[in-house]
Every structure is written in C-alpha cells, then in structure tokens.
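Biologist: I'm new to this one. Could you take me through it and explain the terms as we go?
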Amino acid sequence: MSNKIYDFDLETIAKLADIVKEKDLGEITVTTGEKSITVKGRKCPPPPPMGGGMPFVAPAMDPMPATVNAAAPNAAPTVEAQAAFTGNVVRSPIVGTFYAAASPEKPPFAEVGKKVKKGDVLMIIESMKLMNEIQSEFDGTVTRILVKNGEAVEFDQPLMVIE
C-alpha cells in the first residue's frame, strides 16, 4: 500500500489538515506541477457585509405553522396559542438575543402595564454583534411579554402583546 495520494505523501496531507484546523481556515490548496490537493475545514464562509451601516429590514413572510413538542416547555407558542392573544403582537424582525433594557443598570424599555406609543423603543435585539432597537408599531398598553431578558429569539417569533 502506498503512502502517497496523487503525488502527495500522507504526512504532508496530515500537516495541511492540522494547519486548516489550527488556523480555523475554510480550506487550503497546494499545487505541485499539474497536481493539486485541497483540504477543507469546517469553517463556514463569512456572512455578506451589511450595506453601509443601514439597519437590516427583514422581508415580509407568510407565517409558517409552528409545532411545539410537549416536552419543550420553553418553545415558542403554537399558532393556536398565538391566535389566543388579544391585541397587537410584536414579532421579532430578526434572529438574535432579546434585551429588555439598554444595559443591566437601566430600567426596561417596556413592562407589563406600561403605555407605549408608535415609535417608542420596546426592546433591543442583538444580532451579529449589532444592537437593534425595536420600535413599537402600535399605540397601547403592554399586556404580555413573552420572552425573558437574554433569551434567544427567532425571526417572526411573538415577543410582546400590546392592546
């Protein structure tokens, strides 16, 4: 049995694999004459850059029916449970981490019983190291907050109810 693969010895291939792993590379290619070898790592390509600091606006999507496993008590509410909400449901426009206040020392932007106006900041969702202030689209009183501070949220997940 040969210790070479396409004119590359196994020791060289192993060293390339170690380099890819140590440097957290996506891949490395080495060419010798007409032969080349590519060793790929597990690193995903970076996300596309956000254009000029403009805020991300998620496209409108039709809501998909959600299913909740009975064994998952922290799962998002089902479509049937969402229909039980009276008032306006504030949904997450992006995937990220929910924060009720600008910092741990500051009071929450919105609390149950607080009156809010359209344009008031309700929360912050951190996504890709950016803090995104989420503003109210409704006038009314906050009746329910459906997530906890520091909790991960999904796109279109119900976060708050305003009546």
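Modeller: Happily! Let's start with Lys129, which sits in the loop between β8 and β9 (130–135); keep in mind that this is a predicted model.

Biologist: Why is Lys129 called exposed?

Modeller: Its relative accessibility is 73%, and exposed means over 50%, so Lys129 counts as exposed.

Biologist: And what makes the phi of Lys129 worth pointing out?

Modeller: Most residues other than glycine have a negative phi. Lys129 is not a glycine, yet its phi is positive, near 65°. Asp156 is also a non-glycine residue with a positive phi, of about 70°, and it lies in the loop between β11 (152–153) and β12.

Biologist: Why is Asp156 called partly exposed?

Modeller: Buried means under 20% and exposed over 50%. Asp156 has a relative accessible area of 24%, which falls in between, so it is partly exposed.

Biologist: How do you know that the side chains of Thr141 and Lys115 make a polar contact?

Modeller: The distance joining them is 3.4 Å, and the cut-off is within 3.5 Å, so the pair qualifies. Thr141 itself belongs to strand β10 (residues 140–145). Its contacts beyond four places in sequence include Gly113, Val161 and Glu163.

Biologist: Which residues have the most contacts inside the largest nonpolar core?

Modeller: Those are Leu122, Met123, Ile125, Leu159 and Met160, in a core of 16 residues. The elements giving it two or more residues are β8 (121–127) and β12 (158–162). Another core, of five residues, lies apart from it, with Ile13 and Val39 among them.

Note on methods:
Residues are numbered from 1 along each chain as its sequence is written. This is a predicted model: local features need pLDDT of at least 70, side-chain atom pairs count only at pLDDT 80 or more; totals for chains, interfaces and linings use all residues. Side-chain values use heavy atoms; hydrogens and water are left out. Helices (H or I, at least four residues) and strands (E, at least two) are DSSP runs, numbered from the N terminus. A polar contact is a pair of N or O atoms within 3.5 Å; within protein, one must be able to donate a hydrogen and the other to accept it, and residues adjacent in sequence count only if both atoms are side-chain atoms. Contact means heavy atoms within 4.5 Å. A nonpolar core is a set of buried Ala, Val, Leu, Ile, Met, Phe, Trp, Tyr and Cys residues joined through side-chain atoms within 4.5 Å. Buried means under 20% relative accessible area, exposed over 50%, partly exposed in between (1.4 Å probe, protein chains only).
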